[in-house]
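Good morning, colleagues. Please bring up the sequence and the structure, and I will begin with a pairing in the sheet.

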Amino acid sequence: MWRTLSILAIILLLTLPLWSTPSYSTDFSIYGTKNVDGDPSDWTGTPPATAPATTVDDGEFIVTDPSGDYLPFYCSDWNWPIRTDLDILEFRLTGDADNMYLLFKFNTMDNLYSYYIMLAIDLTPYTEDDGFNSWLPDYADTELGEIPATDTHISWQWDYVIGINYDWGDDGSNNFTRIWDHSWDYFNSTGTVVFNQSGKVVEASIPWSEIGGVDAYRNSEIKLWVMVFCNSYGGIWDPYDNSATDDNGNPCLVGSDVYDVAGQTPTYQDTSGEVYDDDGNAGNDNWPDQDHWVDTSFIIPFSSLPEPIPEPYLAPLVAVSIALLASILVVKKLH
């Protein structure tokens, strides 16, 4: 009899987790739920003390970027000369079971129409050529790249590109976010975007279902680029094509239309901006050789994301199994 009870006790201990109520695991290095309202107070991670730099703190991936390192050419007449609006200072990312959450902090936010934010994602961060394309959409004149240990410049293909632009949704549609998914055609995201002009913050949520599904990120890593362009009536403003000049009247001779890259600062403090040429150098090639590569990217590890443990409806099945096993043991004991 005692042997039978001992076996039952072992079975109960082994199956105890199946009897618990539904819950979610919490062992995430990058995890958090944010209220997308433009108030950054619920983003509680401590950023790095220097810039550019990255860290993971309190479930948030955080990137700092130096102030004043934006492309120094005037934008189009309607927002001239607001260039500090395009100067990103900080980027944050986290996620829960439903959404990826994004936070962008800028130097100034004098004009809500200044910004065209673009975020590129590669779901296979160690394989460069299995995505859709290395060139960014919407005529950005910018290519994603990397300089590996061999110092041979390679292009890098994206799986998803997220664009955020106030101009797209100010008609009352609130369609501030577009997503490119292995196509040059976009669709409007169902996520939320809030522009906090006084706080100089843009906050957004993107449903995982729109960028490959949560299972593509759970227990996985992604490669990420964050860039800021100058908006022009819902499109990307090209400083070269528009003969833009800097404070000294020098013309823009840069191929890429990028004004700032999160986590990067120019190698040369001149009018080259934050893009590279085919040799991996910044600022030494003018148009048409075109410094057009954005090489600064981040490998973001999601150690896990919320995943339900077994539901309690399995408990009756376990109970029946235990009772059946106990009966067999008792009958065998009597014989």
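T64 has E90 of β3 as its bridge partner. That pair belongs to the pairing of β2, residues 60-64, with β3, residues 88-95; the two strands run antiparallel and are joined by four bridges. I should say at once that this is a predicted model.

Now to the sheet as a whole. The sheet is open and has six strands, arranged in the order β1-β2-β3-β4-β12-β11, with antiparallel pairing. At the edges stand β1 (53-57) and β11 (193-196); each has a single partner strand, so one side of each has no neighbour in the sheet. From one strand to the next, the twist averages 15°. As a general reminder, strands of a sheet pair through backbone hydrogen bonds, in either a parallel or an antiparallel manner.

Let me turn to two loop residues. Where does Q157 lie? Q157 is found in the loop between β7 (154-155) and β8 (160-164). The side chain of Q157 comes to 3.0 Å from the backbone nitrogen of G131. Setting aside residues up to four places away in sequence, Q157 touches D122, E128, D129, D130, G131, F132, N133 and S134.

The second loop residue is L123, placed between β5 (115-122) and β6 (143-146). Which residues does L123 contact, leaving aside its neighbours within four places in sequence? They are D159, Y160, A216, Y217, E221 and I222. In addition, the C-alpha atom of L123 is separated by 8.9 Å from that of L224, although these positions lie 101 residues apart along the chain, counted as their separation in sequence.

A word on the cysteines. With sulfur atoms required to be within 2.5 Å of each other, the count of disulfides is zero. C75 has a relative accessible area of 4%, and C252 has a relative accessibility of 3%. Why do both count as buried? The cut-off is under 20% relative accessible area, and therefore C75, at 4%, is buried, as is C252, at 3%.

Finally, confidence. The protein chain has a mean pLDDT of 81, and 72% of its residues reach 70 or more. Over residues 267-272, however, pLDDT stays under 50, and the model has 15 contacts for them beyond four places in sequence. Residues 308-318 also have pLDDT below 50, with 18 contacts in the model beyond near neighbours in sequence. Where pLDDT is low, the predicted coordinates should not be read in detail.

Definitions and conventions. Residues numbered from 1 in each chain as written. Predicted model: local features only at pLDDT ≥ 70, side-chain atom pairs only at ≥ 80, totals over all residues. Heavy atoms only, no water. Polar contact = N/O pair within 3.5 Å; in protein donor to acceptor, adjacent residues only side chain to side chain. Contact = heavy atoms within 4.5 Å. pLDDT = per-residue confidence, 0-100. Pairing = 2+ DSSP bridges. Axes fitted to C-alpha atoms, helices over the stretch in contact; angles between N-to-C directions. Buried < 20%, exposed > 50% of the residue type's maximum accessible area, 1.4 Å probe, protein only.
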